Structures are given as C-alpha cells and as structure tokens.
Amino acid sequence: MKKNRFTGWLQNKTVLAALLMVLLAGTAVAGITATRRSRSDKEAEDGQSGYAFETQQADQEQLAVPTQPETEKEPQTQAPRETKAPAAETPTRKDEEKTTQPDRATAQRDPEEEAVAEPENEAGTLVNAEDAVVYTPEDEEAGAEAGAEGTALMFQEGSHITWPVEGNVILDYSMDGTIYFPTLKQYKCNPGILIQSEVGLPVEAAVRGMVTAIGSNEELGNFVMMDLGGDYTVLYGQLADVAVSIDQIVEAGEVLGYVAEPTKYYVVEGPNMYLELRHEGKPVDPLDYIR
C-alpha cells in the first residue's frame, strides 16, 4: 500500500513538473513572439522613416537634375572646339605639302615633261612678248644696207612663202586637234611646223619682212620674228648665230641664222627648224602658203 501511494505521489509530481515545464515553455514562446513583434514593428517604423528620407533625397536630386546637364554640356561643347582646331591645321599642312610637292616633282622631271607645265599664250603660239630679248648680231652692216631699200611690206592673202630650209616636215601644224610629240611623249596642239634639217645649215628668210623681235626661250631656243604686212607675221625658231637685227628689212632668201642643236623639247625629233605663220595674231598653217 505504501509503495502504491508513493508511486502515485511520484506520478503526480511528474505530471505537475510536466505541466510546469509546459507553462514555462509557453511563457518563453510568448515572450519571444512579443519580442519579435516589437522588433518587426520597430524595423517597420525605421523603414518608413528611411524611405521618407530616401524620397526626400530623391526629390532633391530630381530638383538638381536640370543643373547637371548644364555642367555636362560645358565639357561637351569645349571638346569639339579642341578637336576642330587641329583638324583645321592638318588640311592646311596637307595643302602646303600639295603645293610644294609639284615643285619638287617639277625639279625632278625630265626636260621634255617640263614643257607640259608651260602654258601657251592666248593666240596659242609658243612665244610671248617677254621672251623677246633684243640683241645686236655681229653683222651690223647687213641691217643698214637693208634699211635703205625701203620698208613697204605687201604680204596679203594669196601671197606665198618659200622653204626656209630643205627637209621633211616632221611635226605638222595642228590647232584643230592634237599630234604626238615624241620627246614629250604626249599629244598636244602645234601652232607651227618642224622642218627636219642638219645643225649648221643656213636658215633663209621665207618672205620679205621687217625684224620686230629677236629672243629665246627654252622650247624654241633662239628665234626671230618678222612683220610681213597685211597683219601677217612669221616666226623662225631653233636658230644659232642670228645674223639680223631689230627693225632690219630682210629680203626673201637672205640668211637669218643657222640651224642649232635641238632644244630639250625636241631631242627625239632631232635637229630641225621651227616655222610659224600668224594672221592677226593667230596661227595659220604655213603649208597653205608655201609654194
């Protein structure tokens, strides 16, 4: 009987202890729950206040946005100006190089290629007024004797001229089209004719006329220009030892000079005499007048 009572008492104690533990556990759970709720409420309050701060900061940033593009535009507008300055200088240097390079190329070109760069005058002739350099030949008595014969010049349409030298025409007159120049290796117009000859042979006046210009240039060498009357003039080129003087009246067949070595523009063509006939300042075909 005593054991049963003790056992019952023990059982009751165990039950009470279990109940007590359950109560304690419930109290602990309730406390933890309350603590978590208070923390969550506090975090919610803190989060709302932080959001409000963030929205205020965002509003302030939005208000400051209009001023930011202005500060960003300044370097953007300055940057193109800085890039444009060297860009403007570079083409200028290139242009200077372009203008200087042809000069260097001209200095290194062959003599025959230099003729391409020399423009002809308005009439298409090979002689300009500045080419004429007056000088007195050795035979001054020839000019004095010719001047005493008179100065009447009667050349007109239908008049004829003779061959100044004997030889074949190696380059024809061509002002309506172009012909090939062997030395220059190009096609171009020709205001006169080239008559093949030999160095040192005499060049005779093809017609009576008065010497109006004596000079020289790189293409024709020494030349003599004569007035024939009737607005006609004749030009003799590739001469050596010119034997006439300015204002001298020269009769047909008189010696003007001698065939010279060809200039650098006619090396391939060989020794020749250049003959050009003009009417009213414009070249005409000498072969139409040679008899």
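**A walk through the chain, from surface to ring cluster**

Let's start on the outside: the chain has an accessible surface of about 18,800 Å², and carbon and sulfur atoms own 53% of that. Keep in mind as you rotate it that this is a predicted model. Of the 291 residues in the chain, 29% count as buried. The secondary structure consists of 4 helices and 12 strands. As for how the chain folds back on itself, take the contacts with a separation of 6 or more: residues 24 or more positions apart account for 68% of them.

Now zoom in on strand β7, residues 221-229. How many of its residues are buried? The count is 7 of the 9, so β7 is largely enclosed by the rest of the structure. Part of the story is who its partners are. On one side of the sequence comes strand β6, residues 209-217, which runs antiparallel to β7 and is joined to it by 7 bridges. If you'd like a pair to click on, Ser216 has Asn222 in β7 as its bridge partner. Getting from β6 to β7 takes a hairpin with 3 residues in the connection.

Carry on along the chain and you reach strand β8, residues 232-240, which pairs with β7 over 6 bridges, again in the antiparallel sense. Here Asp227 is the residue to pick out, since Thr233 in β8 stands opposite Asp227. The hairpin between β7 and β8 has 2 residues between the strands, and within this hairpin Gly230 takes a positive phi near 65°.

Strand β8 also leads us to the aromatic rings. Searching the whole structure turns up 4 aromatic pairs. One of them is Phe155 with Tyr232, an edge-to-face arrangement with 5.0 Å centre to centre and 70° between the planes. Why does this pair matter for the layout of the chain? Phe155 lies in the loop between α4 and β1 while Tyr232 is in strand β8, so the pair ties together parts that are 77 residues apart in sequence. Are these two rings buried or exposed? Phe155 has 5% relative accessibility and Tyr232 has 2%; a residue is buried under 20%, so each of them counts as buried.

Phe155 has a further ring to deal with. With Tyr289, Phe155 makes a tilted pair, 6.3 Å centre to centre and with 40° between the planes. Tyr289 sits in the segment after β12 (282-284), so this pair with Phe155 in the α4–β1 loop ties together parts that are 134 residues apart in sequence. Tyr289 is buried too, at a relative accessible area of 13%. Put the ring pairs together and Phe155, Tyr232 and Tyr289 are linked into a cluster.

Stay in that loop for a moment. Between α4 (140-147) and β1 (169-171) you'll also find Ser159. Which residues does Ser159 touch once its neighbours within four places in sequence are left aside? They are Met154 and Tyr289, the latter being a member of the ring cluster. At a relative accessible area of 18%, Ser159 is buried, because the cut-off is under 20%.

One last stop involves a charge and a ring: Lys188 lies over the face of Phe181, at 5.2 Å from the ring centre.

Notes:
Residues are numbered from 1 along each chain as its sequence is written. This is a predicted model: local features need pLDDT of at least 70, side-chain atom pairs count only at pLDDT 80 or more; totals for chains, interfaces and linings use all residues. Side-chain values use heavy atoms; hydrogens and water are left out. Buried means under 20% relative accessible area, exposed over 50%, partly exposed in between (1.4 Å probe, protein chains only). Two strands pair if DSSP finds at least two bridges between them. Contact means heavy atoms within 4.5 Å. Rings of Phe, Tyr and Trp (its six-membered ring) pair if their centres lie within 6.5 Å; planes under 30 degrees apart count as stacked, over 60 as edge-to-face and the rest as tilted. A charge sits over a ring if NZ of Lys or CZ of Arg is within 6 Å of the ring centre and within 35 degrees of the ring normal. Accessible areas come from the Shrake-Rupley method with a 1.4 Å probe; for residues, only the protein chains shown count as cover.
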